[in-house]
Amino acid sequence: MVEINDFLKTFTAANGVDEKEFKSNSRVRDLVDLRSVYCTVARDLGEYSLDVIGKTLNRHHASVIHAVKNYRILSQIDKDLKTKYNNACIIYNALKQPKDRKTVGLIDALLKSNNILRYKLSKNKSDLDKLKIKYKQLKKQINTLTELI
C-alpha cells in the first residue's frame, strides 16, 4: 500500500501546487477541485479511511465525504476534472510499483500524459488550420462582394 503522505507530496508536485497551500483553508476553485480529486483517488485506490485522508489535509472526515460526493457530481460535467482524476490514478498506481520500478512507473505516467497532450495539441492545430482556410475563403467572398458594390 502507498503511504498517503507520499501520494500527497507527489500529487501536489505533479499539479504544481504548494503542499501548504493545498492544505490551507483556501476556497479557490482550482484548489477545491484538486482536493476533491485527491480525496477521491485516496478513497478509491488507496482505500484509506475518511479520517486518515482528512488528517492529511487538516480536515474532518465529513469534509472528505463532501469532497468525494462533489467530485462524483462535477466529474460528470467537467471533463478537465475527470482528466485530473485519471492523472492522479496514474500517479497513485506508479507509486504502488516496487521501489526499483517507481521511476519507470512515473516515467510511464509522464509519457502517457505527454501523449495525451500531444494528441490534443495536434487536434487543436488541425482545427485552427481549417478555420484559417475558412477565414481566407470568407475574406475572398467579402472582397468580391465589395467590388460588386
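Buried, in what follows, means a relative accessible area under 20%, and exposed means one over 50%; the model to which these words are applied is a predicted one.

Q: Why is threonine 40 called buried or exposed, whichever applies?
A: Threonine 40 has a relative accessible area of 0%, and the limit for a buried residue is under 20%, so threonine 40 is classed as buried. This residue is found in helix α3, which covers residues 29–44, and, when neighbours within four places in sequence are left aside, threonine 40 is in contact with Ala67, Val68, Tyr71, Arg72 and Tyr85.

Q: What makes α3 close to the expected span of a helix?
A: The expected span is 1.5 Å times one less than the number of residues. Helix α3 has 16 residues and reaches 22 Å from its first C-alpha to its last, which is close to the 22 Å expected.

Q: Which residues of α3 are buried, and against what do they pack?
A: The buried residues of α3 are Leu31, Asp33, Leu34, Arg35, Ser36, Val37, Tyr38, Cys39, Thr40, Val41 and Ala42, and the elements against which they pack are α1, α2 (19–23), α4, α5 and α6.

Q: What makes the contact of α1 with α3 nonpolar, polar or charged by class?
A: The residues that meet are Ile4, Phe7, Leu8 and Phe11 in α1 and Leu34, Val37, Tyr38, Val41 and Ala42 in α3. By class, this contact has nine nonpolar residues, with no polar and no charged ones, because Ala, Val, Leu, Ile, Phe and Tyr are among the residues that count as nonpolar. The axes of the two helices, α1 and α3, come within 11 Å and cross at roughly 145°, and α1 passes α3 in a right-handed crossing.

Q: Which residues have the most contacts inside the largest nonpolar core?
A: That core has 29 residues, and those with the most contacts inside it are Phe7, Phe22 and Tyr38. Two or more residues of the core come from each of α1 (4–14), α3, α4 (50–56), α5 (61–74) and α6 (79–96). Tyrosine 38 itself, not counting residues up to four places away in sequence, touches Ile4, Phe7, Leu8, Phe11, Phe22, Ile53, Thr56 and Leu57.

Q: How do you know whether threonine 12 and cysteine 89 are buried or exposed?
A: Threonine 12, at 3% relative accessibility, and cysteine 89, at 12%, both satisfy the limit of under 20%, and therefore each counts as buried. Threonine 12 has its place in helix α1 and touches Val17, Glu19 and Phe22, not counting residues up to four places away in sequence. Cysteine 89 is found in helix α6 and, with the corresponding sequence neighbours left out, touches Val41 and Leu45. Cysteine 89 and threonine 12 are 77 residues apart in sequence and 13 Å apart in space, C-alpha to C-alpha.

Q: Why is glutamate 47 called buried or exposed, whichever applies?
A: The relative accessible area of glutamate 47 is 65%, and exposed means over 50%, so glutamate 47 is classed as exposed. Glutamate 47 lies in the loop between α3 and α4, and its phi is near 55°, a positive value in a residue other than glycine. Most residues other than glycine have a negative phi.

Q: What makes asparagine 58 buried or exposed?
A: With a relative accessible area of 56%, asparagine 58 passes the limit of over 50% and is therefore exposed. Asparagine 58 has its place in the loop between α4 and α5, and its phi is positive, at about 60°, although it is not a glycine.

Key: Residues are numbered from 1 along each chain as its sequence is written. This is a predicted model: local features need pLDDT of at least 70, side-chain atom pairs count only at pLDDT 80 or more; totals for chains, interfaces and linings use all residues. Side-chain values use heavy atoms; hydrogens and water are left out. Helices (H or I, at least four residues) and strands (E, at least two) are DSSP runs, numbered from the N terminus. Buried means under 20% relative accessible area, exposed over 50%, partly exposed in between (1.4 Å probe, protein chains only). Contact means heavy atoms within 4.5 Å. A nonpolar core is a set of buried Ala, Val, Leu, Ile, Met, Phe, Trp, Tyr and Cys residues joined through side-chain atoms within 4.5 Å. Axes are lines fitted to C-alpha atoms, for helices over the stretch in contact, and angles run from 0 to 180 degrees between N-to-C directions. A crossing is left-handed if the near helix is turned anticlockwise from the far one by less than a right angle, and right-handed if clockwise.
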